[in-house]
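Here's a quick tour of a protein fold, strand by strand. Have a look at the structure first, then read on.

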Amino acid sequence: MIELEGVPELIDPVMVAAFEGWNDAGDAASTAVAHLEREWKGEVFAALDAEDYYDFQVNRPTVWMDGGVRKITWPTTRLSVVRVGGEKPRDLVLVRGIEPSMRWRSFCNELLGFAHELGVELVVILGALLGDTPHTRPVPISGTTSDADLAQRMDLEETKYEGPTGIVGVLQEACTHAGVPAVSLWAAVPHYVSQPPNPKATLALLNRLEDLIDVRIPLGELPEDARAWQVGVDQLAAEDSEVAEYVQTLEEARDTAELPEASGEAIAREFERYLRRRDGGGPPGPGERTRPPKPPKPLGDDEDSSED
């Protein structure tokens with residue numbers, strides 16, 4: 001039995017979770033939850049026992065000084081609550097931590113125990129992945145759920161992914177089995193500029209979350225940070241002709257795919273046009289192999305790279 005002291009009765013609570021690690025490209029998802037905590041002055045009311053879920057050789061504790069006294073902060077997952085006022089008040093339970101190293105099912109069950117005790121009506125899990133998307137275009141956000149009715153009501157996709165998964169996928173599945181409505185929102189982060197932070201992806205996640213839960217989210221300086229980030233990446237890309245050409249290729253593919261008349265043939269034509277520009281010749285003849293454009297090394301990576 002989970003005992004909650006000092007937590008008031010919540011109004012239509014929604015749990016919003018994000019975890020650092022494999023599910024958090026550019027730290028976009030965890031930064032989004034941290035932004036909510038900061039803007040709404042979230043109050044931490046619980047933390048999971050780090051000994052149960054983390055390998056401290058993988059996620060090491062940190063030492064810091066407090067008035068001349070050494071203290072240790074252990075990696076864990078913390079829960080906080082924020083009270084959102086307005087015409088339609090709604091409270092949020094924020095979950096922010098690190099993807100656990102072990103005992104994932106117990107980890108999810110413990111979080112669901114908190115959700116049950118707090119009367120959570122919906123769980124929204126934020127994630128970010130690396131993708132072939134240009135930094136110059138709006139950040140693609142995909143929303144998925146295992147609940148067909150929820151997918152229809154909230155304009156989401158039903159989950160059809162098969163393959164390796166992280167704690168986002170495991171927690172969403174645990175929610176489904178427990179009968180708790182759950183949604184995951186994913187931001188696609190350009191793989192050639194994957195270093196954190198990525199305020200543009202964080203902003204896109206918060207905008208989609210705002211639409212989903214019908215709560216106005218204060219954005220603070222995030223829009224300006226996102227603009228500054230894009231200007232900075234533009235400048236870095238302009239200094240590297242290989243990166244600039246690759247970004248242009250991604251832009252053309254993205255723009256073509258988003259046209260109403262876009263088709264596989266149209267995308268193939270765009271790809272052949274790229275090959276002609278790159279090689280200075282025509283499209284390959286029958287039986288010749290075509291190769292997709294080789295992604296450049298990530299911006300800011302000064303290490304030598306070699307092609308197999």
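What follows covers the overall make-up and then a few strands and their partners.

## The big picture

Keep in mind that this is a predicted model. The protein has 308 residues, and 42% of them count as buried. Its secondary structure adds up to 9 helices and 10 strands.

The accessible surface is about 17,200 Å², with 48% of that belonging to carbon and sulfur atoms. As for contacts, take those between residues at least 6 apart in sequence: 75% of them join residues at least 24 apart.

## Strand E6 and its neighbours

Strand E6 covers residues 90-98 and is mostly tucked away, with 8 of its 9 residues buried. Strand E1 (residues 14-20) pairs with E6 in the parallel sense through 7 bridges. If you want a spot to click on, Ala17 has Val95 in E6 as its bridge partner.

Strand E5 (residues 78-84) also pairs with E6, but here the two run antiparallel, again with 7 bridges. Arg78 is matched with Arg96 of E6 in this pairing. E5 and E6 make a hairpin with 5 residues between them, and Gly86 in the turn has a positive phi of about 110°.

## The E3-E4 hairpin

Strands E3 (residues 62-66) and E4 (residues 69-73) are antiparallel partners, joined over 5 bridges. Across this pair, Met65 sits opposite Arg70 in E4.

What links the two strands of this hairpin? There are 2 residues between E3 and E4, and Gly67 in the turn has a positive phi of about 60°.

Technical notes. Residues are numbered from 1 along each chain as its sequence is written. This is a predicted model: local features need pLDDT of at least 70, side-chain atom pairs count only at pLDDT 80 or more; totals for chains, interfaces and linings use all residues. Side-chain values use heavy atoms; hydrogens and water are left out. Two strands pair if DSSP finds at least two bridges between them. Helices (H or I, at least four residues) and strands (E, at least two) are DSSP runs, numbered from the N terminus. Buried means under 20% relative accessible area, exposed over 50%, partly exposed in between (1.4 Å probe, protein chains only). Contact means heavy atoms within 4.5 Å. Accessible areas come from the Shrake-Rupley method with a 1.4 Å probe; for residues, only the protein chains shown count as cover.
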